[in-house]
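Please open the structure in a viewer and keep the sequence panel visible. The tour below proceeds by selection, one stop after another.

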Amino acid sequence: MPSPEHEQIVTMLAANASAETLPIEQQRLNMEAVSEMFPLPDDVQVDAVVCNEVVADWISLADSDLSRVVMYLHGGAYTKGSRQTHRELASRIARASGACVLLPEYRLAPEHPCPAGIDDAMACWQWLIAEGYRLDQLAIAGDSAGAGLALALLQTAKAQGIPRPARAALIAPWVDLELAGPSAQAGIVDDPMLQRDRLLADAQHYAGDDLRRWQASTLYGDLSDLPPMLVQVGGRDLLVSDSTRLAKQAQSSGSDVTLEVEDGLVHVWHFFPMLPESQSAIARLGAFLSDL
């Protein structure tokens, strides 16, 4: 059963659901403002790095294992989100995994549609390889659109013969931009984090009229021979059927996927550090990523 803290967040989100109808630029500013409610702890160090012309945060703690890196791709429906909005969440993943986290500032739609985000993610991934990290020292993670982007990176790297990370952790991945899954249909799931019409508009900004191409809707790409993967999603998430279909199809293709569906929880509850559900999910995710 969701915690009282989770239900307070649900009430807050429902009261602000109309903000999803605002212009993209205002949505971006609102997301930045929300992230400012969660300041970084004093022991978190953030350094800017440039990875093949892509700016990124290098996030670490005093006891971080400098030989291990998690590349984290932020969510935001491909149209919003930034290093700033997801820095605190990335810092908790760094703490839970014991690794450093690389948080890229990939380009956003509609100014930079698909495959710009994939290109930026690949640039950062190849930078890590060029820096001399072994594959067994590297993992990839992301939430929502960032999780879809992480899967696109895995599929692109395989297609191009580029080495891939040892593990992947996907939080509520958006892998079907057509929103064809059962939970994404109108009136099926009550998730105050996401609105179907807004998501479809964001999908078109990112992928144009071809929403089903695998670079954008990674559910329809090659799901075989993926690295061991953890997928976490809430049962109240509009996109829960993206996760369940992804896990089923990837497992049918021979990939090792662990699926965790948390009853009653909304899309990417991990974003809110005060939630006990967030703390336990990040702990499990960190343990998975630390097992390299």
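In which loop does Lys80 lie? Select Lys80 in this predicted model: the residue sits in the loop between E3 and helix H3 (83-97).

**The loop after E3**

Display the side chain of Lys80 together with its surroundings. Lys80 has a relative accessible area of 7% and is therefore buried, the cut-off being under 20%. Apart from neighbours within four places in sequence, Lys80 is in contact with Gln27, Arg28, Met31, His74, Gly75, Leu108 and Asp202. Add Leu22 to the selection: 58 residues separate Leu22 from Lys80 along the chain, while their C-alpha atoms are separated by 12 Å.

Next, select Thr79, which is also found in the loop between E3 and H3. With a relative accessible area of 0%, Thr79 is buried. Not counting residues up to four places away in sequence, Thr79 touches Ile24, Arg28, Leu108, Ala109, Asp202 and His205. Asp202 and Arg28 thus appear in the contact lists of both Lys80 and Thr79.

**Helix H6**

Follow Asp202 to its helix and select residues 196-207, which form H6. The 12 residues of H6 should span 16 Å at 1.5 Å a residue, and the end C-alpha atoms are 16 Å apart, in agreement with that expectation. Which residues of H6 are buried? Colour Arg198, Leu199, Asp202, Ala203, Tyr206 and Ala207, which are the buried ones. These residues lie on the same side of H6, because the arc they cover around the axis is only 145 degrees. Helix H2 (24-35), helix H4 (116-130) and helix H5 (145-160) are among the elements that cover them. Step just past the end of H6 to Gly208, where phi is positive, at about 70 degrees.

**The sheet**

Hide the side chains and show the strands. Eight strands form an open sheet in the order E1-E2-E4-E3-E5-E6-E7-E8, with mixed pairing. Strand E1 (45-51) and strand E8 (257-262) are at the edges; each has a single partner strand, so one side of each lacks a neighbour in the sheet. On average, neighbouring strands of this sheet are turned by 20 degrees against each other, direction ignored.

Zoom in on strand E5 (residues 138-143) and strand E6 (residues 167-171), which run parallel and are joined by five bridges. Ala139 has Arg167 in E6 as its bridge partner.

Bring back two helices. H5 lies across E3, E5 and E6, at about 145 degrees to E5. H4 lies across E1, strand E2 (54-60), strand E3 (65-73), strand E4 (99-104) and E5, at about 170 degrees to E3.

Move on to Val231 in strand E7 (residues 229-234). Val231 is buried, at 0% relative accessibility. Its C-alpha atom is 5.9 Å from that of Ile171, although the two are 60 residues apart in sequence. Beyond its neighbours within four places in sequence, the contacts of Val231 include Leu170, Pro173, Ser243, Leu246, Val257 and Glu260.

**The nonpolar cores**

Finally, select the largest nonpolar core, which has 62 residues. Trp58, Met71, Leu102, Leu128, Trp174, Leu177 and Tyr206 have the most contacts inside it. H5 gives the most to this core, with nine residues. Centre the view on Leu128, which touches Trp58, Val69, Met71, Leu102, Tyr133 and Leu138, residues up to four places away in sequence not being counted. Another core, of 36 residues, lies apart from the largest one and includes Leu13, Ala139, Ala172 and Leu289.

Notes. Residues numbered from 1 in each chain as written. Predicted model: local features only at pLDDT ≥ 70, side-chain atom pairs only at ≥ 80, totals over all residues. Heavy atoms only, no water. Helix = DSSP H or I, 4+ residues; strand = E, 2+ residues; numbered from the N terminus. Expected span 1.5 Å × (residues − 1). Buried < 20%, exposed > 50% of the residue type's maximum accessible area, 1.4 Å probe, protein only. Arc of directions from axis to C-beta. Contact = heavy atoms within 4.5 Å. Core = buried A, V, L, I, M, F, W, Y, C linked by side-chain atoms within 4.5 Å. Pairing = 2+ DSSP bridges. Axes fitted to C-alpha atoms, helices over the stretch in contact; angles between N-to-C directions.
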